[in-house]
Each structure stands twice: as structure tokens, then as C-alpha cells.
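Here is a walk through one protein structure, told through its helices and charged side chains. Keep the model in view as you read.

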Amino acid sequence: MPREIVTVQLGQCGNQVGQVFWQRLCAEHGISDQGILEEWATEGGDRKDVFFYQADDEHYIPRAILVDLEPRVINNILTSPYAGLYNPENIFVSKDGGGAGNNWAMGYSAGERHYEEIMEMIDREAEGSDSLEGFMLMHSIAGGTGSGLGSYLLERLNDKFPKKLIQTYSVFPNNVSDVVVQPYNSLLAMKRLANHADSVVVLDNAALARIVADRLHGLDATASFTQTNQLVSTVMAASTQTLRYPGYMNNDLVGIIASLIPTPRCHFLMTSYTPFTSDLIDNAKNTRKTTVLDVMRRLLQPKNRMVSTSLTKSSCYISILNIIQGDVDPTDVHQSLLRIRERQMASFIPWGPASIQVAITRKSPYLTSGHRVSGLMLANHTSMASLCKRALDQYDRLRKRNAFLEQYKRERPFENGLEEFDDSRAVVEELMNEYKACETPDYISYADPIISND
């Protein structure tokens, strides 16, 4: 039985990443840019219906909702070769078209205004599923629409579908951002990601830019922007590979999340991927050799991580899931795990099992690939505390000067004061403390002061 997933693309970043993601899924399942199954796509064995459904005329249509408050990116999608792929009823662009002005509060207020229209689309997709498993949100937390409207939708989805999983692919900003109020937007969005999402895959602009420059010969701004989106969509496609090409294990989202997130608050995941090759990403350098051990060793290297976190001596993994694609012998996997354990390449928490979980999955038969094995690591790591600390430090620097608060006070969430900022800061600080506490053996008896006071 298929466990369907509805994707929601929010704002400029969410829609640009989503556009490349759907191109990638079409290529992997042998679906044309108009949603028609190619004549040569007869191999079968894949579950197209997790992310697509079939219209009356046999076209495959993505279970995707496209939302933006300004029309530019969605207009680009609608003038691209893939314009005929999407269901036009599932596209929402605000009538006034002004965007959210990189202001979380404006995005949040827009969510309240347009809630009925957007929720009707989500309801229709949810009811059209036989056995809906959950939602996948794609957004950035630095601007206005992805962070503000995204926050509002997270709250509402959690209320309306309490038993469905919500996984987000959230792009975190650089240290130096072109959005001056980004520390406010990020902190307010992180509160919602902590409280209302089941799993947050953290993608960090700084780390993505570094990988593009080092490994992919980022030639100029436009090329490297395209490569960054291809990078994110490659990770998203690989992380859903076991759902679309199912095996015996990890063939639904809850199985993947349950194995990675032992305690509900610490659900921010980092990713690594290897190798990046030119059949996936423009101008990528080719990796010469891909044995299972090579791939699993590279996945543990910090330079392949898509998050810039600061490691300390006590930083350790809470859990690791490696999704290995391709021509793989299970005995090779076992040998590689033994080698990694012998050499102590990964240190784990003292209160849980110190093991790397591995899911072996098939590659798409419709894509030619220049390498034998590729791998994605999804990991829960205590260095996420440094991500929270970075967000708090940047917020404190702005808030100390009370800079740029006027534009927030004009909007409804802040009309009665700035408590929302203080509350968000407390939630993110508590998240940071909990990740730090995970490094200690007595974490099992850790009590969350915010929850226990309620």
C-alpha cells in the first residue's frame, strides 16, 4: 500500500528547490516533462504513487502545492518546459504580489489572511490519497515567505493533521546574509521547527556554497546558484529513494524518522552526500573509485556535510542512517561497518547504541551513472547546538540595539508587544541545551524545563 507524501513549496527558495526536485523525480521514474510515462520506462518496481498521482488521462501529476507571495519564481516555473506537469489548482500566488518584504511577521500575517485558500489545496491533496503518511515542506528560514508563512502553515498542519508526519527541508542562512533582519526571521522560524515539525533536514547556505566552490567548480553566481539547487534536490531525492524504490526496510517515512530521532525535541538532521558527479550536477569533478567503504568513509568527513557546525571534543552522533544506492553486496557493508568501528571514525552518544544503520536501495534504472555506488548520510549530531548558538548570538546582537523592530510591530503577531521574540529565544536556547545534554551519560534523566512547567 502506498504511503503518500504531499510536498509544500514555500517562497522563492522552496519553489526553486522544488522545481529541480520534481525534474529529478521525473527523470528517475521515466516520466516526461508533461507527466507522460515514457515508452521505454517499463522496468517497474518503483512506487510512483508516493509523490505522483495519475489523472484521468493517465498523466502523472506531482502531489505538490506551490505557494508564494510574489509571482516571479512561480512564473518561471510556469514558463519552463515542466509547466504542464503541475496541477494549476495547486498553485497559489498572492493577488497583491508584493511578497513578504523579508519580514517574518508579514509572512505570518499573510498566512492568516490566505489560510482558507491554501488549506483547501492541502485538504484536496490529503483527501485524494489512499493512505497519507505526511507532508514535506521546502523553504528557507531567512526571508519572509518561507519563514513566516512557513511557520504559520507548520502550526496549522500540526493542528489539523496531528497524526501525520511533517518533515521539512529547511535552508538555513549564511553568517553574512543579504537580509539584514535574517536573525529575527530565523529565530522565529526555528521555534516553529522545534515545536511543530517531526523532522527537520538542515541545509546550510554556507556549507552548500563551500561544496559548490570546492568540489563543483562554481564558475559564476548564476551557475553556482543552479548547482546549489541541484545539490539540495539530489539530497532530497536520495533521502526519499527507499520510499520510491522500496526494499525490506525503511520503506516508509516513519521508519526512517524513528531510527534517527530517539527523543522528540532533537529532530534536526544533517546530511552528507557522495560522490557528486556531472550526471547529477553541472561541472562536478568525478570521483575515481566508489567502493562501499570509500563511500561510507567519505560520508563521515566534515567537508561533505551540508551544514556548517562547530565541532567540540565532546560532539558526537546520536544516530546515523546511511542510504547506499547501487551495486552493493551486503557483506561489503558489514566489512565496512567493522572497519569504521575499529578505526573509531565516528563517536556516538554514551547512552544509546553506537551503530551506523544502513539501508541498501536500488538506483533508478532510467538514469545512467558514472559510478557504481553512491551514498547519503542522514545523521542526528549534537553539534546542532552550535547552529542554535549561532542563531542566538546573531539575534542578541540585533536585539540589543532594538534594531529594525518597527516593521515587526506593525504586524498582528507583535501588536501587543515583543513577547514572541522572547518566547522564541527561550525555545531555541532550550533546544541548544538539550543537544549539549545529549553528550552526557545522564541525559536519560534530563527534564525539559519548558515542558515540565506547563
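Is R425 buried, partly exposed or exposed? R425 counts as partly exposed, because its relative accessibility is 21%. Buried would require a value under 20%. Keep in mind that this is a predicted model.

R425 has a charged partner. Its side chain meets that of E429 in a salt bridge, with 3.0 Å from N to O. The two residues are four apart in helix α14, so about one helical turn separates them. E429 also counts as partly exposed, at 31% relative accessibility.

Stay with helix α14, which covers residues 419–437. E419 lies in this helix. E419 is exposed, with a relative accessible area of 52%. Compare its position with that of A207. The two are 212 residues apart in sequence, and their C-alpha atoms are 32 Å apart in space.

Now take E420, which also lies in α14. Which residue forms a salt bridge with E420? The partner is K191, and the closest N and O atoms are 3.0 Å apart. K191 lies in helix α5, residues 182–196, so the pair ties together parts that are 229 residues apart in sequence. Both E420 and K191 are buried.

This pair belongs to a network of salt bridges. E155, R156, D159, K191, R192, E420 and D423 are linked in it. Overall, the count of salt bridges comes to 21.

Next, look at how the helices themselves meet. The axes of α5 and α14 come within 9 Å, and they cross at roughly 60 degrees. An angle from 35 up to 65 degrees falls among those called oblique. The two helices are therefore oblique to each other. Their crossing is left-handed.

Which residues make this contact? From α5 come Y184, L187, L188, M190, K191, R192, A194 and N195. From α14 come E420, F421, D423, S424, R425, V427, V428 and L431. The residues of this contact divide into nine nonpolar, two polar and five charged. R425 is one of the α14 residues here, and it is also the partner of E429 in the salt bridge described above.

Helix α5 has another neighbour to follow. Helix α4 spans residues 145–160. The axes of α4 and α5 are 9 Å apart, and the helices pack at an angle of about 15 degrees. That makes α4 roughly parallel to α5. α4 passes α5 in a left-handed crossing.

Here the contact is made by another set of residues. S147, S151, L154, E155 and N158 in α4 meet N185, L188, A189, R192, L193, N195 and H196 in α5. What is the make-up of this contact? Its residues divide into four nonpolar, six polar and two charged. E155 and R192 take part in the contact, and both are also members of the salt-bridge network.

Now move to a loop. L405 sits between α12 (384–400) and α13 (406–409). L405 is buried, with a relative accessible area of 4%. What does L405 touch, leaving aside its neighbours within four places in sequence? It is in contact with Y184, R399, L418 and F421. Two of these names have come up before: Y184 in α5 and F421 in α14 are part of the contact of those helices. L405 can also be compared with V181. They are 224 residues apart in sequence, yet their C-alpha atoms are 9.1 Å apart in space.

Helix α3 gives another buried position. S109 lies in this helix, which runs over residues 104–127. S109 counts as buried because its relative accessibility is 6%. Its contacts include no neighbours within four places in sequence when these are left aside; what remains is E411, R412 and P413.

Finish with a salt bridge between two loops. D327 pairs with R372, and the closest N and O atoms are 3.6 Å apart. D327 lies in the loop between β10 (317–326) and α11 (330–342). R372 lies in the loop between β11 (356–361) and β12 (373–381). The pair therefore ties together parts that are 45 residues apart in sequence. R372 counts as partly exposed, at 39% relative accessibility.

Technical notes: Residues are numbered from 1 along each chain as its sequence is written. This is a predicted model: local features need pLDDT of at least 70, side-chain atom pairs count only at pLDDT 80 or more; totals for chains, interfaces and linings use all residues. Side-chain values use heavy atoms; hydrogens and water are left out. A salt bridge is a side-chain nitrogen of Lys or Arg within 4 Å of a carboxyl oxygen of Asp or Glu. Buried means under 20% relative accessible area, exposed over 50%, partly exposed in between (1.4 Å probe, protein chains only). Axes are lines fitted to C-alpha atoms, for helices over the stretch in contact, and angles run from 0 to 180 degrees between N-to-C directions. Angles under 35 degrees count as roughly parallel, over 145 as roughly antiparallel, 65 to 115 as roughly perpendicular and the rest as oblique. A crossing is left-handed if the near helix is turned anticlockwise from the far one by less than a right angle, and right-handed if clockwise. Contact means heavy atoms within 4.5 Å. Ala, Val, Leu, Ile, Met, Phe, Trp, Tyr, Cys and Pro count as nonpolar, Asp, Glu, Lys and Arg as charged, and the others, Gly among them, as polar.
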